[in-house]
Amino acid sequence: MDIQSIFSPGGELDSALPSYSFRDGQLEMAELVEKAIDEHKHLVAEAGTGIGKSFAYLAPVFLAAMNDESSAYIVSTSTITLEKQLYDKDIPLMKKALGCDVSTAILFGRSNYLCMRRWEESRLEKKALGIKTGKAEEAFDAWAESTETGASAEIDDESVGRLFPPLSSDEKDCPSFRCPFYSQCYFYSARRKALKARVIVTNHHLLLLDAKNRDETEKGFDEDAVLPSYQVAVIDEAHHIESEATDVLSLSYSSDSVNRYLDYLTRREKRFGSASILDFLSVEEKSKGTGARIREIAAHVRTLMQQYDRLLSEVFAEKGPEFLLTEEFYNSNRTRLREGEAIADELRRMQAEAYSGYRENPAEENVVYLELLMRYLSTLSAYAEILLDFIRFSDWDRTIAYARARGDRWEIKLSPMDTGPVLYRLLLSKLSSVIYSSATLSVGGSFEYFAKRSGLAEDRDRMLSAMFQSPFEYSRNLMLLVPQDGASFVRSESQSYAGYVADSVRQAIASASGGALVLFTSKEMMRSVYMMVRDDIEDLLIQDDKASRAALLSAFRENRDSSLFAVSSFWEGIDAPGDTLRLVIIVKLPFAVPSTPVEAARARYVEKNGGKPFMEIALPEATLRLKQGIGRLIRSEDDKGVVVILDNRVISTYYGRVMLSSLPQCYFPDDARLCNIPDKIERFLF
């Protein structure tokens, strides 16, 4: 059995799956993934919709696992929903086709698992206090009693899901093997299964946390860490990797975070006999009064932080809720900022007090609680280092320093300037092979933008790349309309542009008889247009704070003639079968305004080094976003639909032509006008 036979007509997949159809691109991608794994290289593969990319990377992964029993393989994707789809649907089908029994596991972040101890304590407390439970609580208890995984992803009811967070597993108060529910613990059970598995499905966030943990603890990938040891990683939906890396690899300090851990030290809890952990562990003090001294330091830290928060409010006055910290800012305020060093000194003194004040060999029954105490103090010491990094900040080329308001307090953030070198150091340089895959990775036929941000550009000798075109007949099933006489978005004229959008949307949806997804880039414009057309469009839904994303999608799918106004996450990850979705309207080109500190800092950095931020950042990001939006429409061979781009810049500017060249080769009439677009939509669809 080899890759060729697995995918060929009459092969393993064809024999096992009645719905299987051979696709050249799928076979070619699978062969390239196999080549990357065998030759210890990295791969970036753009697989158009319909290629079947999950099978294209799963087949060589399972073949490799069957041939080498010493290695594990990680398959990472962007969301828990996609994790479950891979694990519950795609992997069982692949194992059936290959006739293999390679062990597999799925691993979520810890907070996604129910803590049996917390749940049981909550139930007992309600019973003792005579608190009556409602339908949601009863449904939650019924789920908790019957679940096999304890994973929150199983909960479909939003009202039930809201009860989960306070009952989730949390390292900060986990007594580990001392817990009476340890043998039943869902988190540890999932982890034990993952440690024995050969193919582990997880998500980007956990993958990057694992890499960060290995770097901080100097563990190699041949050791178990957050994830089991492995040497090959498949990163699907890889267009998210930069934003995920920015999030996971950022450091933050705030008095709220520090206070939370100080509370863990000083609050009274039932499990410590209604004492604090410091009081509970007083029997383990080798120098008496250690707990009392730590409590005194904690009180002093709280006072110092209150003073420092007031100082930050003065220093950051009139800066806005979120802003970039520049060299000019530091030159003007460095002396005052250094007052925060006293906080860091006290936090570190607290940890030193614990190291010298507690027994090295505690009683067996107290080991886990002393370890818990040390984890709290270690985290507080880490906050001290972050605070000092902020105060003494000078790494302008590699790190972004910014602040954002949290009520009357401030959070300090330190984020990587460029994720590429960091991802290379943490992942690509340490692993045998990393496979990046997505339907949207190239811009203008090039992977250069993605290569720089993913770490691939740091070692081009090990980089393989390929684009696999969708097997769907876009030229027959997808029509792209851009009105030649349409308006171009200009921010200063956004109100008049909203009026133009309202007229165009009203007519386009009427001609398609609904079934439309209208994608906006700002909530303000979405609400403005909605108010103009809501009385003219039947079954019109809008993304707001009243309904969840899942509820909106469900309502949209159930009514084939409904239309949905949406922003943000609706630009990707939506599947609406058949003609439920037959029209996608792109209101304006999805250029992000470099308003966030991270975006602004990266633009400045590119400009400082002689580059052009628009061409190197804004245009590639907008192009990939546009590809994602258009990709919502054709999801199967039978789908047929129309995309209308109302922003005329896509045909009137040089950068618009770059964006168009990155889109699928669809039917693109050049005689579209505002007056004939409704007719073109109706004729094409019906």
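**Exercise 1.** Which residue is the bridge partner of alanine 45 in β11?

*Solution.* The model is predicted, with local features requiring pLDDT of at least 70 and side-chain atom pairs pLDDT 80 or more, while totals for chains, interfaces and linings use all residues. Residues are numbered from 1 along each chain as its sequence is written, and side-chain values use heavy atoms, leaving out hydrogens and water.

Step 1. Find the strands, which are DSSP runs of E of at least two residues; helices are runs of H or I of at least four, and both are numbered from the N terminus. Strand β1 covers residues 42-47 and pairs with β11 in the parallel sense over 6 bridges. Pairing requires at least two DSSP bridges between two strands.

Step 2. Read off the partner: alanine 466.

**Exercise 2.** Place β11 in its sheet.

*Solution.* Step 1. The open sheet has 7 strands, in the order β3-β4-β2-β5-β10-β1-β11, with parallel pairing.

Step 2. β3 (104-106) and β11 (463-468) each have a single partner strand, so one side of each lacks a neighbour in the sheet.

Step 3. Add helix α3 (residues 24-38), which lies across β1, β5, β10 and β11 and runs at about 170° to β11. Angles run from 0 to 180 degrees between N-to-C directions of axes fitted to C-alpha atoms, for helices over the stretch in contact.

**Exercise 3.** Is phenylalanine 316 buried or exposed?

*Solution.* Step 1. Phenylalanine 316 sits in the loop between α14 (290-315) and β7 (322-324).

Step 2. Its relative accessible area is 2%, so phenylalanine 316 is buried. The cut-offs are under 20% for buried and over 50% for exposed, with partly exposed in between (1.4 Å probe, protein chains only).

Notes. Contact means heavy atoms within 4.5 Å.
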